[in-house]
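Visitor: Hi! I have a new structure open and would like a friendly tour of it.
Guide: Happy to help, let's bring it up.

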Amino acid sequence: MKRRKKPRPSALPRERDPAEASGFYPYLVRFLDWSAVRGYTEQTTAARAEHLRRFIRWCAERTLDRPQDVTRPILERYRRYLYHYRKESGEPLSFATQQQRLLPLRAFFKWLARENLILWNPASELELPRVHRRLPAHILSRDDVERVMAQTSVHGELGVRDRAMLETLYSTGLRRAELANLKLYDLDLRNGSLFVREGKGKKDRYVPLGQRAIEALRKYLDDVRPALVVEPDGGNVFLHEFGERFEKSRLSDLVKRYLLAAGVDKPGACHLFRHAMATQMLENGADIRFIQAILGHAQLSTTEIYTHVSIAQLKRIHALTHPAERPREPRASTPSSDDSEQLLASLDVEAATE
């Protein structure tokens, strides 16, 4: 396979961000430097920079040029602006997105007040939008996954690479950034595991690899990756056509193309495989705490949302256990008194809160 040459970057000068001409900008630079020194991840620091620049541009349009000019009513006005903002598609920002754009403001003004750069913190009592945990509406079935995997067979050697990526996502439930950052020395194909180095929150973890993913990775590493490498080899497992590691957006675009080619028109890309893996493992009897460890969730409540029990599973259990769905027959065993008392107590509490 012949590796493609990377196109030359545009020679046009970068258009200057209006935020850089604002009086906010020196404070922003110092705050981001402080965030890096305190050990925040590059992703967190970059997200803070993006959201704060967006706020600074909003302030510049309203002739607000310094942090000292910002008051609590101005922050409340910005919060309402985010609520009423509409994307190009006409859709509003989700409450989660609104919260993500406001959190850096609270951190920024808290830092300014602690450094005595402002007299008081106008964001100290800024209320954030409530983010409601909802069950995912779009789930990949086992058949969906297999149809997507089959699409890689028509793309030759790059299809071998793409099959290895999809199998790894499905087998391990990695986040897309974790897949993009995966190194050769993180793989242990002999023992069937991989090491996630500095995942979300800079946390490390070991994740098991299934046999199908191992075979796909071996084929890619032996037959395809050597032709993609550009020396010096940085050691990333997955390389795109130019011999470089995948960026997150490029990885999502690639997976999305395979989903559409398979006739799976559902929102999302890499994360669909993460959720499919967790949901199907739970339905097959895996303990939720093992799934929590594989996904790298710090809190069990997060895993409970990702690994909801499907309605089909609930219907099966309902049909097997509900007394109205079963013929009368002698009971082989009765629940223990402790279990019965616990169930009745929980029902009483639930009824009292309705």
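Guide: What follows is a short chat about this protein, which is a predicted model.

Visitor: What is the secondary structure of the protein?
Guide: The protein has 15 helices and three strands.

Visitor: And how many of the residues count as buried?
Guide: Of its 354 residues, 38% are buried.

Visitor: What about the accessible surface, what does it come to?
Guide: The accessible surface is about 22100 Å², and carbon and sulfur atoms account for 52% of that.

Visitor: What share of the contacts joins residues at least 24 apart?
Guide: If you take contacts between residues at least 6 apart in sequence, 62% of them link residues at least 24 apart.

Visitor: Let's talk helices. How do people describe two that pack together?
Guide: Packed helices are described by two things, the angle between their axes and the distance between those axes.

Visitor: OK, so at what angle do H3 and H4 cross?
Guide: Helix H3 (residues 72-84) and helix H4 (residues 95-114) cross at roughly 160°, and their axes come within 10 Å. Angles over 145 degrees count as roughly antiparallel, so that is the word for H3 and H4.

Visitor: Is that crossing right-handed or left-handed?
Guide: H3 and H4 make a right-handed crossing.

Visitor: Which residues meet there?
Guide: From H3 you have Leu 75, Tyr 78, Arg 79, Leu 82 and Tyr 83, and they meet Phe 95, Gln 98, Arg 101, Leu 102, Leu 105 and Phe 109 of H4. By class, the contact of H3 with H4 holds eight nonpolar residues, one polar and two charged.

Visitor: Now H5 and H11, at what angle do they pack?
Guide: Helix H5 (residues 142-150) packs with helix H11 (residues 270-283) at about 140°, and the axes are 11 Å apart. H5 and H11 are therefore oblique to each other.

Visitor: And which way does H5 pass H11, left-handed or right-handed?
Guide: H5 passes H11 in a left-handed crossing. On the H5 side the contact is made by Arg 142, Val 145, Val 148 and Met 149, and on the H11 side by Phe 273, Ala 276 and Gln 280. Those residues divide into five nonpolar, one polar and one charged.

Visitor: Changing topic: where is His 51, and is it buried or exposed?
Guide: His 51 sits in helix H2, and it counts as buried because its relative accessibility is 12%. Beyond its neighbours within four places in sequence, His 51 touches Gln 100, Arg 101 and Pro 104.

Visitor: What about Ala 47?
Guide: Ala 47 is also placed in helix H2, which covers residues 42-60. Its relative accessibility is 28%, so Ala 47 counts as partly exposed. The C-alpha atoms of Ala 47 and Pro 104 are 8.3 Å from each other, with the two residues 57 apart along the chain.

Visitor: What is usual for the backbone?
Guide: Most residues other than glycine have a negative phi, and most peptide bonds are trans.

Visitor: So which peptide bond here is cis?
Guide: The one from Glu 231 to Pro 232 is cis, with omega near 0°. Pro 232 is in the loop between helix H9 (225-228) and helix H10 (248-261).

Visitor: And where is Thr 63, and what is its phi?
Guide: Thr 63 is in the loop between H2 and H3, and its phi is positive, near 55°. With 72% relative accessibility, Thr 63 counts as exposed.

Visitor: One last residue, Asn 116?
Guide: Asn 116 also has a positive phi, about 60°, without being a glycine. Asn 116 lies in the loop between H4 and H5 and counts as exposed, at 68% relative accessibility.

Key:
Residues numbered from 1 in each chain as written. Predicted model: local features only at pLDDT ≥ 70, side-chain atom pairs only at ≥ 80, totals over all residues. Heavy atoms only, no water. Helix = DSSP H or I, 4+ residues; strand = E, 2+ residues; numbered from the N terminus. Buried < 20%, exposed > 50% of the residue type's maximum accessible area, 1.4 Å probe, protein only. Contact = heavy atoms within 4.5 Å. Areas by Shrake-Rupley, 256 points an atom, 1.4 Å probe, with all protein chains shown as cover. Axes fitted to C-alpha atoms, helices over the stretch in contact; angles between N-to-C directions. Parallel < 35°, antiparallel > 145°, perpendicular 65-115°, else oblique. Left-handed = near helix turned anticlockwise from the far one by under 90°. Nonpolar A, V, L, I, M, F, W, Y, C, P; charged D, E, K, R; others polar.
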